[in-house]
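Trainee: I should like to go through the assignments in this model and ask for the grounds of each.
Mentor: Please do; let us begin once the structure is before us.

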Amino acid sequence: MTHTARRIGRSLALVLPVVLVLSGTLAVSAVPWAGQDSGTQLTASSTDVSTRAKSRAPQDILRDQLLAELQEKDPGVALTHLQREVENRPSLAKHCFSIARALGRAAVEHYGPSRAQSFSRPVCDTSYATGVMRAS
């Protein structure tokens, strides 16, 4: 029961902020603050945006996508997609180790140490296995 609740909580923690930001941004940009007659519509300017709202790095986006995929499917699928992304975008190769370790830690939390280790693949050397080992 707590395992399911934890998984639901993690899923919401990943998805909810994105949904709230997008829906809030769309709502603010669609409101005719100055009225329809004046022809002006106020929207958020780039100077009002905080520094934390900058676009996320590709490796962070990929890690979050793969962690979600690990939860929905299994670590083997996530590791396969990680390998494909690194092959397609070589600039992600320097982040492969940290992403694979994060997948290993998440797999231990989701599947337990022995089952998580069974998904191990030679993606990014042994980083996935290192993440499994450190999380155990």
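Trainee: Which residue follows α4, and what is the sign of its phi?
Mentor: In this predicted model, G112 comes after α4, and its phi is positive, near 90°.

Trainee: How do you know that the span of helix α4 agrees with its number of residues?
Mentor: The helix covers residues 96–111, and at 1.5 Å a residue its 16 residues should span 22 Å. The end C-alpha atoms are 22 Å apart, so the two values agree.

Trainee: Which residues of α4 are buried?
Mentor: Among them are C96, I99, L103, V108 and Y111. Buried here means a relative accessible area under 20%.

Trainee: What makes the contact of R56 and D64 a salt bridge?
Mentor: Their side chains meet at 2.1 Å, N to O. The limit is 4 Å, so the pair qualifies.

Trainee: Why is R56 called partly exposed?
Mentor: Its relative accessibility is 42%. That value lies between the cut-offs of 20% and 50%, therefore R56 counts as partly exposed. D64, with a relative accessible area of 22%, is partly exposed as well.

Trainee: Where do R63 and D60 lie?
Mentor: Both belong to helix α2, residues 58–72, and are three residues apart, about one turn of the helix. Their side chains meet in a salt bridge at 2.8 Å, N to O.

Trainee: How do you know that E85 and R89 form a salt bridge?
Mentor: The N to O distance is 3.6 Å, and this is within 4 Å, so the definition is met.

Methods:
Residues numbered from 1 in each chain as written. Predicted model: local features only at pLDDT ≥ 70, side-chain atom pairs only at ≥ 80, totals over all residues. Heavy atoms only, no water. Helix = DSSP H or I, 4+ residues; strand = E, 2+ residues; numbered from the N terminus. Expected span 1.5 Å × (residues − 1). Buried < 20%, exposed > 50% of the residue type's maximum accessible area, 1.4 Å probe, protein only.
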